[in-house]
Amino acid sequence: MLMRGLLASSFLAFAMLVPHQNPASQRKSPTQAQARQVTTAPPTRPAIYIPSEDGRKTPAQIQALKIDVQVVGALATTTWDMTIYNPQARLLEGELVFPLGEGQTVSRFAMDVNGVLREGVVVEKAKGRQVFESIVRRGVDPGLLEMVAGNSFKARIYPIPARGTKRVVIAYEQELPFVAKKDGDALSYTLPMGFDQPIGRFTLNVEVLEQTEQPRFTSSPLQNFELKPWQRSFKAEATREHFKPDSALTLLVPKSAEASGSFAQRFNDERYFYLSLMPRAPREPRPSPKKLLIAWDASASAANRDLSKEMELLDRYFKRIGSCSVALVIFRNEPESPLAFAVKNGDWKALREAIESAPADGGTAFGALDLSGVKCDEALLFSDGINTFGPAAPTLPNCPVLTINTALTAQHDRLRFLAESTGGEYLNLSAETAEQGAESLKTRALAFLRATYEPGAVQELYPSAGALVRGSFGIAGKLSKERARITLHFGYGKDERFSRVVTVGGDDSTTAPVARLWAQKKLQQLMLEPELNRPSILQLGETFSIVTPNTSLIVLDALSDYVRYHIVPPADMQTDYFRQVQDEDRGKKEAEQRHLESLLSQFKERQNWWETEFKPLPKVQKTRDMKDAQGTERGVIGGMAGGVVGGVVNAPPPPSPQEQPAARRAEPPRPVASPSMQVDIAESRSGANISADRLSEVSKSKKENRKPDAEPETKGTITLKPWNPDTPYLKALSGTPKADRYAAYLKLRAEYGSTPGFFLDVSDLFYRDGDGNLALRILSNIAELKLEDATLLRVLGYRLKQLGQHRLSVWASEEVLRMREEEPQSSRDLALACAADGQEQRAADLLWNVVRKPWDGRFRDVNLIALGELNAVIGTAKSKINTINMDSRFIRNLPVDVRVVLNWDTDNSDMDLHVIDPQGEECFYSHARTLLGGRISADVTGGYGPEEFLLKKAIPGTYKVRANYFGTRQQSVIGATTVSLELYLHYASGKVENKSVILRLTGNSRLVDVGEFVFVK
C-alpha cells in the first residue's frame, strides 16, 4: 500500500507493493471544521514496507544506507544511497514517495542495472510516463522519478529480485536558512531520520567546506559524532553495523551578520556565479488596513490545511488592528460573491462563523478568481496554492496580498509570486506557530529592490527585483567577464534603505553546484507562470538535470530502449546511441509513408461506400415475435434493463477478453430484430450472407455528393435511455428534499468521497435537478483528488463537454495530452473539445496529426475515424480552415444521417457498439456492413476505442443503439469502465444535432440499451 506521508523537511517514505495501486484520497471532510478531525498525521521518519504472504504490510529490510551531506557556503547537497533487501521468494515492485521542503530540489536519481549503477537522465515528464508504461507492458520496468503535487516526488522501481537487493541513489539540494542565535548567527541544516528498525550497515558523512569557524551538531543519532578540522574545512564520518538511527541530525554553521560568500563555476562553456550574504535589517511595522479582503480557498484540499492555526492567526491579527471592514470571498472551482463584515474592537465572530461553515468541497480554480473589483488596503489569501481545475492565473486586487499556507504540501512558488508581485509576503506556516505568523502580519520584511553593475558584465540575474530577504539572501547569474562588481539595493516596498557592493568571479574550481543552483533560481522565476514558460522550463530541466513539473529522471534497462524512445542516455552509452538513432529515423520515415498510402486506400473505399445508394429489401412475411429477453442488467451499475438481441436467450457466453480477437470476429452473424419487430426467422437479411449479384439488385451507384447544407430528406430525432445507477448514496439523496440535498451530499461524501464515481453520479443528479452550479462544483472534486490519472481526467473532460463547459473540457484534454501523448485518443479528444469551443483551426491541426501518424496496432481505425472528423470540421467551419500542411488527397467531406461513436476510459478493454436498423438488421463487430449501408469500424479489443457506426441515408423508422461491455483486463480508478457514447444526427451536414451519454459499466458480456434515432418523412 502506498504510503502518503508528507513532511515539510526532507525525508524518504519507501513502500514496496505488489501489485501497484494508485493512492486514493481518504479525505472525509464535508466542512472544514470536520475536516481537521479526519486528517491523518504524516509519518515523521523514513519507512519501508513490503507485502507479506498474507497480504499485510511488514517492514522491509534496509541492508545498507549511506547518507552524504556536503555544505558549501549556504548550499547543501544531501545524497541517500540505499540498498534494499527483498526476503521473499518473488519479485517486488517499489514505489518511493517523498515530499521536499520549500527550496529543496532533486538533482540526482540512479539505480543499479545488472549490478552497475546507472544515472537517470532528464526526459519530458509526459514522455517519461509514456515510455515507462510502454516498457511495463513488455514486462521490463525502468526506473522513473517525477514531481507530483506540490513539491513532492515519487519513483517507481522494479525489479527488486527475490531474496536479492536493489540499490537506489537520490540526491537533493537546498539553500540553508539563516537563524539568529544568542551565541551567534548561523545557517541551519536538518536531516530527519527516526528509524524504528535497525539498518544492516549505516554510514553518515558530513562535510562543511571552505569554513573557518567551527560548526556544531545540536542533535545527532550518533554518539560522539563531531566535526573535525580537515584542510580548510570540517568533516565528520561514522559507520555502524545493525544500527537504528532514531533521531534527526541538526547542524549549525556559524556565519556573521555581514558575512558573504561568492562561488563561480564553468559549465557548458559559460561561467556562473552564486553570491550569498546576510543583510541584517529589522522588519518595519505594517500599516493597519481599514478595508481588508480575505480570499478563502474552500476547495476539498482545504481539509489538508491546519484550520485551527489559521483561526488563531486571524484572531491575533484582528486583536491587533481592532476595527475594519472585511470583504470575504470564498472560492473553489469558481468564486462566490463577496460577503461584507464589520470587525469592531477585534470582535470577528460573524466572520469566523462564515469561514468555518464554508464546506471544503470542489476543485481549485485560481484562473476563475477575479478580485480586481474589490476595494481594499490589504488582502489575505488562504490556500495551499495548488491549482487543480482549469487555468491557474488569478486577477489580484490593487493592494499588497499576503498569501498564507498551513498545508504540508503546497505550491510554494505560486504563493510567493502572488504575494511578492503585489508587494506582499508569503507566510508558510506549516512549520511555524500562529504567533510567529501574526508577528509577520504586523510587519513587512526587507526586500531586494534591484542590482546595478557595469553594462554587459552580468547576464540573467535571479531572483529578480522584489524578492523578500529571509535571513540569508542568495543571488545567481552568468558572468561575461572574469570578474564583476555588483551593487545590491535593499529596502521596504519601493523605498531604498541601503545597498551592498560585492565582487563576484575569479576562481571557478569550487565543488559547489553553482550552475545548477542558478538554474534552480531561474526555475523558481519561470514557475511563477508555468504554462507560459513551459518550453523554457523543459529546456532548463534537460540542460541541468533538474526534476521539474515538466521533467523527470528516467533509468532504462537497455540501449535499445533509449533508441526506441529517443532519450539520450548517460555519456558512456551515447556513441552507440546516436548511430542507432540515425538508422531508426530512416525506418520511421518509410513507415509513415507506407501508413499514408494504406490509409488513402481505406479512404477511397469509404468514398465508394458513400457514393453507393442502398435501398431496403421488400418487406418479408412476419411469422412470429422476436423480442429481447428482458431482465435486470447486472452489468450496469444501477440495474439497467438489457438482454439478448435476436431472441437467443440461452446463447453461450462469448470468449474472455484474454482470447484472441480473431476468435470473436469468426463468429457467424446473428439474425436479429428490434424488440418491437416481427420477422421471419427462416430468412436472414444479412449483408454478410447475401451474394454479390443479389446485393447489386438492391443498391446502385450514386456519384453526386449531397451538399453539407442541403435539407435532409428525412427528419430525425435522438432519444437517450434514462440511466440511474442503483447506489446507496443516490437512493439516499433521491429521497431527500431538494432544499436539504446538498447538506446530505456533504455528509455522504465522508463515506464515499474517495471514489470518483461518487462525484460523477451525484453531479449528474444535481444537473438533472437543474442546479448546474452545484453540479459543476461536485464534479470538480474529481480533479481535486490529485490522482494525476489520465483516465480520470479524460472522463472529466467528457463530462465537462457534455455539460457544455467547453473551455474547461479543453483544459482537461490538454492535461491528458501532456500525460498520454503516445495515444491517439489524447490528441483526438482535445481536437473535439476545441471544435466544440469554436477553436476550429486548432481542432483541424490536431486531427490531422492523428490522421498522419501510424499508431500502435491496438488503436484500430482511429486514423480513419479522425479523418472523417477532420473533414467534418473543415466542411462545416465558420471560417476557412488552412489546410496547406495537409495532404489534399484526404480532404473530402462525407456527410451522413446517422453517426454513433463509442469511447471508453479503461485501457486493455473490449467494448462493442451495436446498432439495429428498422429492418431488424444488427451492425456490430462480426457483421460490419448492412443492406441499408450501415457500417461499423474495426473491433477494438486491446485499447479503449473509438468505435464508429455510420449510415449515409436513413430510411424512416427506429435505429436502436446498444453498447456491449465485453470485458477488461485492467482495473479502472473509478471502479468500473466509463463508456461515452455520442449520437449524431445529420453529421457533417452543417445541420448536425448531437446528444451524448456517459455510463459506468461492470461485469462481462452485457448489452445495454443506450438510445435510439427515429426518422420520419
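Let's start with what helix H14 packs against: its buried residues sit against helix H13 (728-734), helix H15 (756-768) and helix H16 (772-784). Keep in mind that we're looking at a predicted model. The buried residues of H14 are Arg 741, Tyr 742, Ala 744, Tyr 745, Leu 746, Leu 748 and Arg 749. You'll remember that residues three or four places apart on an α-helix point the same way, because there are 3.6 residues a turn.

How far apart are the end C-alpha atoms of H14? They are 20 Å apart. That agrees with expectation, because 15 residues, 738-752, at 1.5 Å a residue should span 21 Å. H14 does have a kink, though, of about 25° and centred on Ala 744, which is one of the buried residues I just listed.

Now, over to the sheet. This one is open, with six strands in the order S25-S24-S23-S26-S27-S28, and the pairing is mixed. At the edges we have strand S25 (339-343) and strand S28 (426-428), each pairing on one side only. On average, neighbouring strands here are turned by 20° against each other, ignoring direction.

Let's zoom in on the S28 edge. Strand S27 (residues 401-405) runs parallel to S28, and three bridges join the two. If you'd like a residue pair to click on, try Ile 404, whose bridge partner in S28 is Leu 427.

Two helices pack on this sheet. Helix H4 (residues 349-356) touches strand S23 (291-297), strand S24 (324-331) and S25, and the direction of H4 makes about 5° with that of S24. Helix H5 (residues 412-420) touches S27 and S28, and here the angle between the directions of H5 and S27 is about 155°.

A quick word on cysteines. How many disulfides are there? The count comes to zero. Cys 324 counts as buried because its relative accessibility is 7%, under the 20% cut-off. Cys 834 is buried too, with a relative accessible area of 0%.

Last stop: Leu 870, in helix H21 (residues 862-876). Is Leu 870 buried or exposed? It is buried, with a relative accessible area of 0%. Which residues does Leu 870 touch, leaving aside those up to four places away in sequence? The contacts are Ala 844, Leu 847, Trp 848, Val 851, Met 886 and Ile 891. Take Ala 844: it lies 26 residues from Leu 870 along the chain, yet their C-alpha atoms are separated by 5.6 Å.

That's my tour, thanks everyone!

Note on methods:
Residues numbered from 1 in each chain as written. Predicted model: local features only at pLDDT ≥ 70, side-chain atom pairs only at ≥ 80, totals over all residues. Heavy atoms only, no water. Helix = DSSP H or I, 4+ residues; strand = E, 2+ residues; numbered from the N terminus. Expected span 1.5 Å × (residues − 1). Bend = angle between axes of the 7 residues up to and from the residue. Buried < 20%, exposed > 50% of the residue type's maximum accessible area, 1.4 Å probe, protein only. Contact = heavy atoms within 4.5 Å. Disulfide = S-S within 2.5 Å. Pairing = 2+ DSSP bridges. Axes fitted to C-alpha atoms, helices over the stretch in contact; angles between N-to-C directions.
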